[in-house]
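Hello,

Please find the structure below. My notes on it follow.

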Amino acid sequence: IPPSGVSCSGCGAELQCCDSEAPGFMPAEKYRSLSDGPTGVAGLRNAVCQRCWLLCHHGQALGLRLPPEQHRLVVSAALRRPLRYGRGPLLLYILDLLELPDPVLPQLQGLMSPDVPAAGLLVVGNKVDLLPADAPGHLGRLRERLTAACAQAGLRSFPLVDVRLVSAKTGFGLEGLISRLQRSWKCAGDVYLLGATNSGKSTLFNSLLHSDYCKSRAPDVVNRATVSPWPGTTLNLLKFPIINPTCDRIFRRQERLKEEATKTEDQLSSEERKYLNYLKKQGYLVGEVGRTFQRQKSNTVVEFDPDMLSYSIDEEPRPPQKKHEEREEFTYSEVKDARWCFDTPGIIKENCVLNLLTEKEVKLVLPTHAIIPRTFILKPGMALFLAALGRVDYLKGEKPAWFSVVASNLLPVHITALSKADAVYEKHAGQELLKVPMGGEERMKEFPRLVPQDITLKGIGTTEAVADIKLSSAGWVAVTAHKEEEVLLRAYTPQGTTLVVREPPLLPYISGIRGARIAGGAAYRTKRPPSLVENLKTTGRK
(Lines give C-alpha, C1' and ligand atoms only; values in the text may rest on other atoms or scores of the structure.)
Protein backbone atom coordinates (compact mmCIF):
# COMPACT_ATOMS: atom_id res chain seq x y z
CA ILE A 1 0.00 0.00 0.00
CA PRO A 2 1.69 3.24 -1.06
CA PRO A 3 1.99 6.24 1.30
CA SER A 4 -1.16 8.33 1.43
CA GLY A 5 0.14 11.81 0.66
CA VAL A 6 -1.98 12.94 3.65
CA SER A 7 -0.27 14.35 6.76
CA CYS A 8 -0.98 13.33 10.34
CA SER A 9 -2.93 16.21 11.88
CA GLY A 10 -0.98 15.87 15.14
CA CYS A 11 2.68 15.77 14.07
CA GLY A 12 2.62 16.49 10.31
CA ALA A 13 4.21 13.18 9.20
CA GLU A 14 2.85 11.49 6.05
CA LEU A 15 0.41 8.71 7.01
CA GLN A 16 1.43 5.19 5.99
CA CYS A 17 0.83 1.60 7.13
CA CYS A 18 3.97 -0.18 5.90
CA ASP A 19 6.73 0.59 8.42
CA SER A 20 5.88 0.72 12.13
CA GLU A 21 9.24 2.34 12.98
CA ALA A 22 8.89 5.16 10.44
CA PRO A 23 7.02 8.45 11.06
CA GLY A 24 3.29 8.53 10.28
CA PHE A 25 2.60 4.83 10.88
CA MET A 26 -1.03 3.77 11.29
CA PRO A 27 -2.19 0.14 11.73
CA ALA A 28 -3.27 -1.36 8.39
CA GLU A 29 -6.84 -2.09 9.55
CA LYS A 30 -7.38 1.52 10.63
CA TYR A 31 -5.68 2.83 7.50
CA ARG A 32 -7.93 0.75 5.22
CA SER A 33 -11.13 1.59 7.11
CA LEU A 34 -10.49 5.30 6.60
CA SER A 35 -9.09 5.18 3.07
CA ASP A 36 -11.47 2.63 1.51
CA GLY A 37 -14.50 4.90 1.84
CA PRO A 38 -16.15 6.91 -0.92
CA THR A 39 -13.65 9.76 -0.55
CA GLY A 40 -10.56 7.52 -0.83
CA VAL A 41 -7.40 8.71 0.91
CA ALA A 42 -9.20 11.96 1.68
CA GLY A 43 -10.84 9.98 4.48
CA LEU A 44 -7.49 10.08 6.25
CA ARG A 45 -7.64 13.83 6.66
CA ASN A 46 -7.65 14.89 10.31
CA ALA A 47 -6.58 11.38 11.37
CA VAL A 48 -3.54 10.93 13.62
CA CYS A 49 -0.74 8.38 13.46
CA GLN A 50 -0.28 5.65 16.05
CA ARG A 51 2.50 7.60 17.77
CA CYS A 52 0.34 10.71 18.29
CA TRP A 53 -2.56 8.55 19.47
CA LEU A 54 -0.43 6.87 22.13
CA LEU A 55 1.12 10.18 23.21
CA CYS A 56 -2.28 11.85 23.63
CA HIS A 57 -4.27 9.01 25.19
CA HIS A 58 -1.66 6.97 27.07
CA GLY A 59 1.37 9.26 27.44
CA GLN A 60 3.56 6.68 25.71
CA ALA A 61 6.21 7.59 23.15
CA LEU A 62 7.07 5.12 20.41
CA GLY A 63 10.68 5.05 19.31
CA LEU A 64 11.24 6.10 15.70
CA ARG A 65 13.98 5.23 13.27
CA LEU A 66 14.67 8.88 12.61
CA PRO A 67 18.10 10.57 12.62
CA PRO A 68 18.34 13.76 14.74
CA GLU A 69 19.38 15.74 11.65
CA GLN A 70 15.99 15.02 10.04
CA HIS A 71 14.28 17.70 12.15
CA ARG A 72 16.88 20.29 11.13
CA LEU A 73 16.51 19.38 7.42
CA VAL A 74 12.71 19.80 7.53
CA VAL A 75 13.04 23.25 9.16
CA SER A 76 15.82 24.39 6.82
CA ALA A 77 13.88 23.26 3.71
CA ALA A 78 10.81 25.20 4.87
CA LEU A 79 12.81 28.39 5.52
CA ARG A 80 14.52 28.16 2.12
CA ARG A 81 11.28 28.20 0.15
CA PRO A 82 11.01 30.93 -2.53
CA LEU A 83 9.71 34.29 -1.34
CA ARG A 84 5.93 34.64 -1.17
CA TYR A 85 4.37 38.04 -1.83
CA GLY A 86 7.80 39.55 -2.32
CA ARG A 87 9.11 39.28 1.24
CA GLY A 88 10.62 36.76 3.61
CA PRO A 89 8.85 35.24 6.61
CA LEU A 90 8.71 36.44 10.19
CA LEU A 91 10.59 34.07 12.51
CA LEU A 92 8.82 33.59 15.85
CA TYR A 93 11.54 31.92 17.91
CA ILE A 94 10.25 30.11 21.01
CA LEU A 95 12.83 29.88 23.77
CA ASP A 96 12.50 27.91 27.00
CA LEU A 97 13.52 30.38 29.73
CA LEU A 98 14.73 27.49 31.89
CA GLU A 99 17.27 26.64 29.17
CA LEU A 100 19.03 30.02 28.95
CA PRO A 101 21.48 30.31 27.29
CA ASP A 102 19.57 28.62 24.47
CA PRO A 103 21.85 26.22 22.53
CA VAL A 104 19.89 26.42 19.24
CA LEU A 105 19.47 30.20 18.91
CA PRO A 106 23.04 30.77 17.56
CA GLN A 107 22.36 28.13 14.88
CA LEU A 108 19.44 30.07 13.41
CA GLN A 109 21.56 31.77 10.77
CA GLY A 110 22.68 28.40 9.35
CA LEU A 111 19.08 27.32 8.73
CA MET A 112 18.35 30.25 6.42
CA SER A 113 19.24 30.74 2.77
CA PRO A 114 20.98 33.98 1.73
CA ASP A 115 18.46 34.19 -1.11
CA VAL A 116 15.47 34.10 1.29
CA PRO A 117 16.29 36.51 4.14
CA ALA A 118 13.95 36.68 7.11
CA ALA A 119 11.91 39.86 7.33
CA GLY A 120 12.20 39.92 11.12
CA LEU A 121 12.80 37.96 14.31
CA LEU A 122 10.52 38.00 17.34
CA VAL A 123 11.90 36.08 20.33
CA VAL A 124 9.40 34.63 22.80
CA GLY A 125 10.59 33.50 26.24
CA ASN A 126 8.20 30.67 27.14
CA LYS A 127 7.42 28.90 30.44
CA VAL A 128 7.70 32.11 32.46
CA ASP A 129 4.83 30.75 34.59
CA LEU A 130 7.11 28.07 36.07
CA LEU A 131 9.53 30.58 37.63
CA PRO A 132 8.70 32.22 40.98
CA ALA A 133 8.96 35.99 41.46
CA ASP A 134 12.15 36.29 43.49
CA ALA A 135 11.74 40.07 43.99
CA PRO A 136 9.72 43.00 42.57
CA GLY A 137 10.54 43.63 38.91
CA HIS A 138 11.54 40.03 38.19
CA LEU A 139 9.80 40.04 34.77
CA GLY A 140 11.85 43.06 33.72
CA ARG A 141 15.06 41.29 34.76
CA LEU A 142 14.05 38.14 32.89
CA ARG A 143 13.40 40.22 29.77
CA GLU A 144 16.84 41.81 30.10
CA ARG A 145 18.44 38.35 30.34
CA LEU A 146 16.53 37.26 27.25
CA THR A 147 17.58 40.34 25.28
CA ALA A 148 21.20 39.79 26.31
CA ALA A 149 20.99 36.15 25.15
CA CYS A 150 19.80 37.35 21.72
CA ALA A 151 22.76 39.74 21.49
CA GLN A 152 25.24 37.03 22.51
CA ALA A 153 23.83 34.68 19.84
CA GLY A 154 25.17 37.02 17.15
CA LEU A 155 21.97 37.36 15.13
CA ARG A 156 22.87 40.71 13.59
CA SER A 157 21.43 39.81 10.16
CA PHE A 158 17.93 39.39 11.66
CA PRO A 159 15.99 42.58 12.44
CA LEU A 160 14.88 42.00 16.06
CA VAL A 161 11.20 43.00 16.20
CA ASP A 162 10.63 42.41 19.92
CA VAL A 163 11.29 40.20 22.94
CA ARG A 164 8.25 38.89 24.84
CA LEU A 165 7.65 36.76 27.95
CA VAL A 166 4.71 34.33 27.79
CA SER A 167 3.32 31.06 29.03
CA ALA A 168 1.83 29.08 26.17
CA LYS A 169 0.30 26.73 28.74
CA THR A 170 -1.46 29.16 31.11
CA GLY A 171 -2.05 31.93 28.54
CA PHE A 172 0.01 34.60 30.32
CA GLY A 173 1.26 37.28 27.89
CA LEU A 174 -0.41 35.75 24.83
CA GLU A 175 -2.94 38.53 24.25
CA GLY A 176 -0.05 41.02 24.31
CA LEU A 177 1.93 38.86 21.88
CA ILE A 178 -1.04 38.70 19.48
CA SER A 179 -1.51 42.48 19.64
CA ARG A 180 2.20 42.98 18.95
CA LEU A 181 2.10 40.65 15.94
CA GLN A 182 -0.97 42.35 14.52
CA ARG A 183 0.49 45.84 14.99
CA SER A 184 4.00 45.20 13.66
CA TRP A 185 3.61 42.31 11.20
CA LYS A 186 -0.09 42.63 10.35
CA CYS A 187 -0.67 40.06 7.59
CA ALA A 188 2.44 40.86 5.55
CA GLY A 189 3.73 37.29 5.15
CA ASP A 190 4.06 33.84 6.63
CA VAL A 191 5.13 33.22 10.24
CA TYR A 192 7.29 30.28 11.34
CA LEU A 193 7.37 29.02 14.92
CA LEU A 194 10.96 27.87 15.52
CA GLY A 195 12.91 26.59 18.51
CA ALA A 196 14.56 23.68 20.23
CA THR A 197 12.71 20.55 21.28
CA ASN A 198 10.45 20.96 24.33
CA SER A 199 10.42 24.76 24.06
CA GLY A 200 6.61 24.80 23.77
CA LYS A 201 6.12 25.55 20.06
CA SER A 202 3.18 23.18 19.58
CA THR A 203 1.49 24.40 22.78
CA LEU A 204 1.80 27.98 21.48
CA PHE A 205 0.55 26.87 18.05
CA ASN A 206 -2.58 25.39 19.68
CA SER A 207 -3.17 28.55 21.75
CA LEU A 208 -2.85 30.81 18.69
CA LEU A 209 -5.17 28.50 16.74
CA HIS A 210 -7.93 29.33 19.24
CA SER A 211 -7.25 33.06 19.40
CA ASP A 212 -7.73 36.26 17.41
CA TYR A 213 -4.58 35.50 15.41
CA CYS A 214 -6.15 32.89 13.13
CA LYS A 215 -9.14 33.03 10.81
CA SER A 216 -12.41 32.52 12.63
CA ARG A 217 -13.22 29.23 10.87
CA ALA A 218 -9.73 27.73 11.29
CA PRO A 219 -10.38 25.87 14.59
CA ASP A 220 -13.20 23.97 12.86
CA VAL A 221 -10.88 22.89 10.02
CA VAL A 222 -7.40 22.57 11.57
CA ASN A 223 -6.72 20.02 14.32
CA ARG A 224 -4.62 20.81 17.36
CA ALA A 225 -0.97 19.76 17.30
CA THR A 226 0.11 16.83 19.46
CA VAL A 227 1.81 18.03 22.67
CA SER A 228 3.95 15.85 24.94
CA PRO A 229 7.11 16.13 27.09
CA TRP A 230 8.91 13.68 24.80
CA PRO A 231 11.47 15.59 22.66
CA GLY A 232 10.76 15.76 18.92
CA THR A 233 6.98 15.23 18.95
CA THR A 234 6.34 17.38 15.85
CA LEU A 235 7.88 15.72 12.78
CA ASN A 236 6.77 17.97 9.92
CA LEU A 237 5.02 21.28 9.24
CA LEU A 238 1.57 22.11 10.64
CA LYS A 239 -0.20 25.35 9.74
CA PHE A 240 -3.24 27.60 10.10
CA PRO A 241 -4.24 30.74 8.14
CA ILE A 242 -3.57 34.13 9.78
CA ILE A 243 -6.47 36.59 10.00
CA ASN A 244 -6.06 39.99 8.34
CA PRO A 245 -6.08 42.55 11.21
CA THR A 246 -8.15 45.29 9.60
CA CYS A 247 -8.83 48.54 11.49
CA ASP A 248 -12.35 47.36 12.32
CA ARG A 249 -11.11 44.02 13.69
CA ILE A 250 -8.41 45.65 15.80
CA PHE A 251 -10.98 48.08 17.22
CA ARG A 252 -13.41 45.27 18.10
CA ARG A 253 -10.57 43.27 19.66
CA GLN A 254 -9.46 46.23 21.82
CA GLU A 255 -13.04 46.73 23.00
CA ARG A 256 -13.22 43.08 24.08
CA LEU A 257 -9.91 43.33 25.96
CA LYS A 258 -11.05 46.53 27.73
CA GLU A 259 -14.31 44.89 28.78
CA GLU A 260 -12.54 41.78 30.09
CA ALA A 261 -10.05 43.93 32.06
CA THR A 262 -12.95 45.35 34.10
CA LYS A 263 -14.07 41.91 35.27
CA THR A 264 -13.15 40.55 38.67
CA GLU A 265 -12.66 36.91 39.56
CA ASP A 266 -16.03 36.93 41.33
CA GLN A 267 -17.79 37.83 38.07
CA LEU A 268 -16.53 34.74 36.27
CA SER A 269 -18.78 31.74 35.82
CA SER A 270 -18.25 28.70 38.02
CA GLU A 271 -16.60 26.83 35.14
CA GLU A 272 -14.27 29.77 34.42
CA ARG A 273 -13.29 30.02 38.11
CA LYS A 274 -12.68 26.29 38.27
CA TYR A 275 -10.38 26.45 35.22
CA LEU A 276 -8.64 29.54 36.61
CA ASN A 277 -7.90 27.77 39.89
CA TYR A 278 -6.55 24.82 37.93
CA LEU A 279 -4.16 27.11 36.05
CA LYS A 280 -3.06 28.77 39.32
CA LYS A 281 -1.90 25.36 40.55
CA GLN A 282 0.00 24.88 37.29
CA GLY A 283 1.91 28.17 37.25
CA TYR A 284 2.68 31.46 38.99
CA LEU A 285 1.47 33.62 36.07
CA VAL A 286 -1.93 33.04 34.49
CA GLY A 287 -3.72 34.72 31.59
CA GLU A 288 -6.79 34.18 29.46
CA VAL A 289 -6.82 33.93 25.67
CA GLY A 290 -10.21 34.96 24.29
CA ARG A 291 -11.70 35.20 20.83
CA THR A 292 -13.35 38.25 19.30
CA PHE A 293 -14.09 36.84 15.86
CA GLN A 294 -16.00 33.63 16.39
CA ARG A 295 -17.99 32.04 13.65
CA GLN A 296 -21.69 31.83 14.38
CA LYS A 297 -22.70 28.19 14.08
CA SER A 298 -26.12 27.34 12.77
CA ASN A 299 -28.53 25.51 15.04
CA THR A 300 -28.47 21.76 14.70
CA VAL A 301 -31.49 20.44 12.80
CA VAL A 302 -32.96 17.32 14.37
CA GLU A 303 -34.19 14.99 11.64
CA PHE A 304 -37.35 13.05 12.47
CA ASP A 305 -38.15 9.81 10.66
CA PRO A 306 -41.43 8.22 11.87
CA ASP A 307 -40.67 4.97 10.02
CA MET A 308 -37.67 4.43 12.27
CA LEU A 309 -40.01 4.39 15.30
CA SER A 310 -42.48 1.85 13.90
CA TYR A 311 -41.79 -1.86 14.31
CA SER A 312 -43.85 -4.99 14.86
CA ILE A 313 -43.85 -7.11 18.00
CA ASP A 314 -41.67 -9.63 16.17
CA GLU A 315 -38.96 -7.12 15.44
CA GLU A 316 -36.39 -5.49 17.58
CA PRO A 317 -36.11 -1.69 17.37
CA ARG A 318 -33.55 -0.72 14.76
CA PRO A 319 -30.95 1.79 15.84
CA PRO A 320 -30.67 4.76 13.50
CA GLN A 321 -27.81 4.58 11.05
CA LYS A 322 -24.99 6.95 11.81
CA LYS A 323 -24.47 9.42 9.04
CA HIS A 324 -20.96 10.13 7.87
CA GLU A 325 -19.90 13.46 9.29
CA GLU A 326 -18.01 15.44 6.69
CA ARG A 327 -15.12 17.45 8.00
CA GLU A 328 -15.17 21.11 7.08
CA GLU A 329 -12.61 22.33 4.56
CA PHE A 330 -11.36 25.79 3.63
CA THR A 331 -12.84 27.32 0.50
CA TYR A 332 -10.62 28.47 -2.34
CA SER A 333 -11.29 32.14 -1.59
CA GLU A 334 -10.25 31.64 2.06
CA VAL A 335 -6.79 30.32 1.23
CA LYS A 336 -5.85 31.71 -2.20
CA ASP A 337 -4.06 34.74 -0.72
CA ALA A 338 -3.70 33.46 2.84
CA ARG A 339 -0.65 34.01 4.99
CA TRP A 340 0.10 31.01 7.18
CA CYS A 341 1.46 30.37 10.66
CA PHE A 342 3.64 27.23 10.61
CA ASP A 343 4.58 24.98 13.51
CA THR A 344 7.94 23.35 12.76
CA PRO A 345 9.79 20.35 14.25
CA GLY A 346 11.99 21.20 17.24
CA ILE A 347 15.74 21.23 16.70
CA ILE A 348 17.36 18.47 18.78
CA LYS A 349 19.63 19.89 21.50
CA GLU A 350 23.09 18.37 21.46
CA ASN A 351 24.87 17.42 24.70
CA CYS A 352 21.55 17.44 26.57
CA VAL A 353 20.83 15.11 29.47
CA LEU A 354 17.30 14.49 28.16
CA ASN A 355 18.81 12.56 25.25
CA LEU A 356 20.09 9.99 27.77
CA LEU A 357 16.80 9.41 29.58
CA THR A 358 13.86 7.06 29.14
CA GLU A 359 10.30 8.21 28.65
CA LYS A 360 9.43 7.84 32.36
CA GLU A 361 12.58 9.66 33.43
CA VAL A 362 11.89 12.59 31.07
CA LYS A 363 8.47 13.07 32.70
CA LEU A 364 10.15 13.43 36.11
CA VAL A 365 12.88 15.79 34.91
CA LEU A 366 10.83 18.25 32.84
CA PRO A 367 8.84 20.57 35.15
CA THR A 368 5.15 20.91 34.32
CA HIS A 369 4.02 22.76 37.47
CA ALA A 370 5.22 25.92 39.17
CA ILE A 371 8.74 25.28 40.47
CA ILE A 372 9.08 25.60 44.26
CA PRO A 373 12.70 26.54 45.05
CA ARG A 374 14.54 24.46 47.65
CA THR A 375 17.29 26.26 49.59
CA PHE A 376 20.07 24.67 51.66
CA ILE A 377 22.90 26.18 53.71
CA LEU A 378 26.12 24.23 53.24
CA LYS A 379 29.50 24.39 54.94
CA PRO A 380 32.75 23.54 53.17
CA GLY A 381 33.06 19.76 52.98
CA MET A 382 29.44 19.12 52.03
CA ALA A 383 27.88 17.92 48.75
CA LEU A 384 24.49 18.36 47.08
CA PHE A 385 22.92 15.79 44.71
CA LEU A 386 20.15 16.66 42.23
CA ALA A 387 18.85 13.13 41.68
CA ALA A 388 21.77 11.22 40.11
CA LEU A 389 21.95 13.72 37.26
CA GLY A 390 24.03 16.41 38.92
CA ARG A 391 26.19 17.09 41.93
CA VAL A 392 27.75 20.21 43.49
CA ASP A 393 30.57 19.91 46.06
CA TYR A 394 31.50 22.81 48.35
CA LEU A 395 35.26 22.33 48.51
CA LYS A 396 36.67 25.48 50.06
CA GLY A 397 35.42 28.66 51.71
CA GLU A 398 35.57 30.53 55.00
CA LYS A 399 31.84 30.70 55.70
CA PRO A 400 28.67 28.76 54.88
CA ALA A 401 26.92 29.50 51.56
CA TRP A 402 23.34 29.11 50.34
CA PHE A 403 22.48 26.75 47.48
CA SER A 404 19.00 27.17 45.94
CA VAL A 405 17.81 24.36 43.66
CA VAL A 406 15.51 25.32 40.77
CA ALA A 407 14.35 22.09 39.13
CA SER A 408 11.29 19.87 38.74
CA ASN A 409 9.53 19.37 42.06
CA LEU A 410 9.62 15.62 41.39
CA LEU A 411 13.43 15.45 41.39
CA PRO A 412 14.91 14.64 44.83
CA VAL A 413 17.71 16.70 46.40
CA HIS A 414 20.09 14.93 48.79
CA ILE A 415 22.68 16.57 51.06
CA THR A 416 25.61 14.59 52.42
CA ALA A 417 29.18 14.97 53.67
CA LEU A 418 31.76 15.26 50.92
CA SER A 419 33.62 12.25 52.32
CA LYS A 420 30.52 10.09 51.83
CA ALA A 421 29.38 11.50 48.47
CA ASP A 422 31.02 8.88 46.23
CA ALA A 423 29.65 6.03 48.33
CA VAL A 424 26.14 7.56 48.29
CA TYR A 425 26.23 7.77 44.52
CA GLU A 426 27.50 4.19 44.09
CA LYS A 427 24.86 2.79 46.43
CA HIS A 428 21.79 4.88 45.53
CA ALA A 429 22.17 5.87 41.84
CA GLY A 430 19.32 4.13 40.03
CA GLN A 431 17.47 3.54 43.33
CA GLU A 432 14.63 5.36 45.08
CA LEU A 433 16.78 7.84 47.06
CA LEU A 434 18.16 9.56 43.94
CA LYS A 435 15.26 8.36 41.74
CA VAL A 436 16.56 9.38 38.26
CA PRO A 437 17.87 7.45 36.40
CA MET A 438 15.67 4.55 37.49
CA GLY A 439 16.29 0.87 36.90
CA GLY A 440 18.95 -0.16 39.39
CA GLU A 441 22.42 -1.41 38.65
CA GLU A 442 21.61 -2.56 35.11
CA ARG A 443 20.47 0.96 34.15
CA MET A 444 23.53 2.60 35.70
CA LYS A 445 25.89 0.27 33.82
CA GLU A 446 24.85 1.93 30.55
CA PHE A 447 24.44 5.46 31.96
CA PRO A 448 27.42 7.83 31.49
CA ARG A 449 29.54 8.53 34.57
CA LEU A 450 29.52 11.96 36.23
CA VAL A 451 32.32 14.27 35.06
CA PRO A 452 33.63 17.08 37.34
CA GLN A 453 34.32 20.75 36.60
CA ASP A 454 35.88 23.13 39.13
CA ILE A 455 34.24 26.53 39.63
CA THR A 456 35.45 29.55 41.63
CA LEU A 457 32.93 32.26 42.59
CA LYS A 458 33.15 35.46 44.64
CA GLY A 459 30.07 36.34 46.70
CA ILE A 460 28.25 39.67 46.39
CA GLY A 461 26.05 39.48 49.51
CA THR A 462 23.85 37.20 51.56
CA THR A 463 20.66 38.20 49.72
CA GLU A 464 21.83 38.02 46.10
CA ALA A 465 23.12 34.99 44.21
CA VAL A 466 26.40 35.36 42.36
CA ALA A 467 25.77 32.69 39.68
CA ASP A 468 23.67 29.72 38.57
CA ILE A 469 25.30 26.33 38.04
CA LYS A 470 23.14 24.87 35.27
CA LEU A 471 23.29 21.07 35.29
CA SER A 472 22.34 20.54 31.62
CA SER A 473 18.51 20.38 31.34
CA ALA A 474 18.03 18.84 34.79
CA GLY A 475 17.83 22.27 36.49
CA TRP A 476 20.24 24.64 38.19
CA VAL A 477 21.67 25.59 41.57
CA ALA A 478 21.88 29.31 42.45
CA VAL A 479 24.85 30.03 44.74
CA THR A 480 24.63 32.85 47.31
CA ALA A 481 27.74 33.69 49.36
CA HIS A 482 28.91 36.42 51.74
CA LYS A 483 30.26 39.58 50.14
CA GLU A 484 33.81 39.18 48.77
CA GLU A 485 33.81 35.59 50.03
CA GLU A 486 35.58 33.29 47.56
CA VAL A 487 34.09 29.79 47.28
CA LEU A 488 35.60 26.85 45.43
CA LEU A 489 33.05 24.39 44.05
CA ARG A 490 33.17 21.24 41.97
CA ALA A 491 30.10 20.49 39.84
CA TYR A 492 29.31 17.22 38.08
CA THR A 493 27.08 16.30 35.12
CA PRO A 494 26.88 13.07 33.06
CA GLN A 495 29.64 12.69 30.49
CA GLY A 496 28.61 14.16 27.14
CA THR A 497 26.25 16.77 28.64
CA THR A 498 26.82 20.50 29.04
CA LEU A 499 27.42 22.26 32.36
CA VAL A 500 27.02 26.05 32.26
CA VAL A 501 27.95 28.69 34.85
CA ARG A 502 25.37 31.41 34.26
CA GLU A 503 26.45 34.90 35.33
CA PRO A 504 24.46 36.92 36.22
CA PRO A 505 21.94 34.41 37.58
CA LEU A 506 18.43 34.21 36.17
CA LEU A 507 16.72 34.73 39.55
CA PRO A 508 19.32 36.52 41.70
CA TYR A 509 17.16 36.82 44.84
CA ILE A 510 15.87 33.22 44.78
CA SER A 511 17.40 32.34 48.18
CA GLY A 512 14.91 34.73 49.80
CA ILE A 513 11.97 32.49 48.82
CA ARG A 514 12.20 30.19 51.81
CA GLY A 515 10.68 29.50 55.19
CA ALA A 516 12.37 28.84 58.50
CA ARG A 517 15.38 26.57 58.70
CA ILE A 518 14.59 22.98 59.64
CA ALA A 519 16.25 22.17 62.95
CA GLY A 520 19.16 19.76 62.80
CA GLY A 521 19.60 19.91 59.01
CA ALA A 522 20.83 22.00 56.12
CA ALA A 523 17.42 22.57 54.52
CA TYR A 524 14.95 25.43 54.84
CA ARG A 525 11.22 24.95 54.66
CA THR A 526 9.87 25.59 51.17
CA LYS A 527 7.62 28.52 50.37
CA ARG A 528 5.33 28.93 47.35
CA PRO A 529 4.73 32.53 46.21
CA PRO A 530 1.14 33.40 45.19
CA SER A 531 -0.06 33.25 41.58
CA LEU A 532 -0.81 36.37 39.54
CA VAL A 533 -3.71 36.59 37.07
CA GLU A 534 -3.42 39.02 34.16
CA ASN A 535 -6.40 40.64 32.36
CA LEU A 536 -8.54 40.55 35.51
CA LYS A 537 -9.32 43.43 37.85
CA THR A 538 -8.00 42.84 41.37
CA THR A 539 -10.53 42.93 44.19
CA GLY A 540 -8.10 43.50 47.03
CA ARG A 541 -8.65 40.06 48.53
CA LYS A 542 -6.06 37.29 48.47
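Which strands do the buried residues of α5 pack against? They pack against β1 (90-96), β2 (120-126) and β3 (160-165). Keep in mind that this is a predicted model.

Now α5 itself. The helix covers residues 138-152, 15 residues in total. From first C-alpha to last it reaches 21 Å. That is close to the 21 Å expected at 1.5 Å a residue. Its buried residues are His138, Arg141, Leu142, Arg145, Leu146, Ala149 and Cys150. Two arginines, Arg141 and Arg145, are thus listed as buried. Just after the helix comes Gly154, with a positive phi of about 70 degrees.

Next, the cavities. The count is three, taking those of 30 Å³ or more. The largest has a volume of about 110 Å³. It is lined by 16 residues. Closest to its centre are Leu98, Pro367, Ser473, Ala474 and Gly475. By type, the lining of this largest cavity splits into nine nonpolar, four polar and three charged residues.

Last, an annotation. An unreviewed UniProt entry places a "coiled-coil region" at residues 247-274. In the model, that span is 71% helix and 0% strand. Its end C-alpha atoms lie 35 Å apart. When you open the file, please look at residues 247-274 alongside that record.

Best wishes

Key
Residues numbered from 1 in each chain as written. Predicted model: local features only at pLDDT ≥ 70, side-chain atom pairs only at ≥ 80, totals over all residues. Heavy atoms only, no water. UniProt positions renumbered as here; feature names shortened; annotations may be inferred. Helix = DSSP H or I, 4+ residues; strand = E, 2+ residues; numbered from the N terminus. Expected span 1.5 Å × (residues − 1). Buried < 20%, exposed > 50% of the residue type's maximum accessible area, 1.4 Å probe, protein only. Contact = heavy atoms within 4.5 Å. 1 Å grid on protein atoms, 1.4 Å probe; cavity = no way out; pocket = protein on both sides within 12 Å on 5 of 7 lines; lining within 4 Å. Points joined across faces, edges and corners; volume = space filled by probe spheres on them. Nonpolar A, V, L, I, M, F, W, Y, C, P; charged D, E, K, R; others polar.
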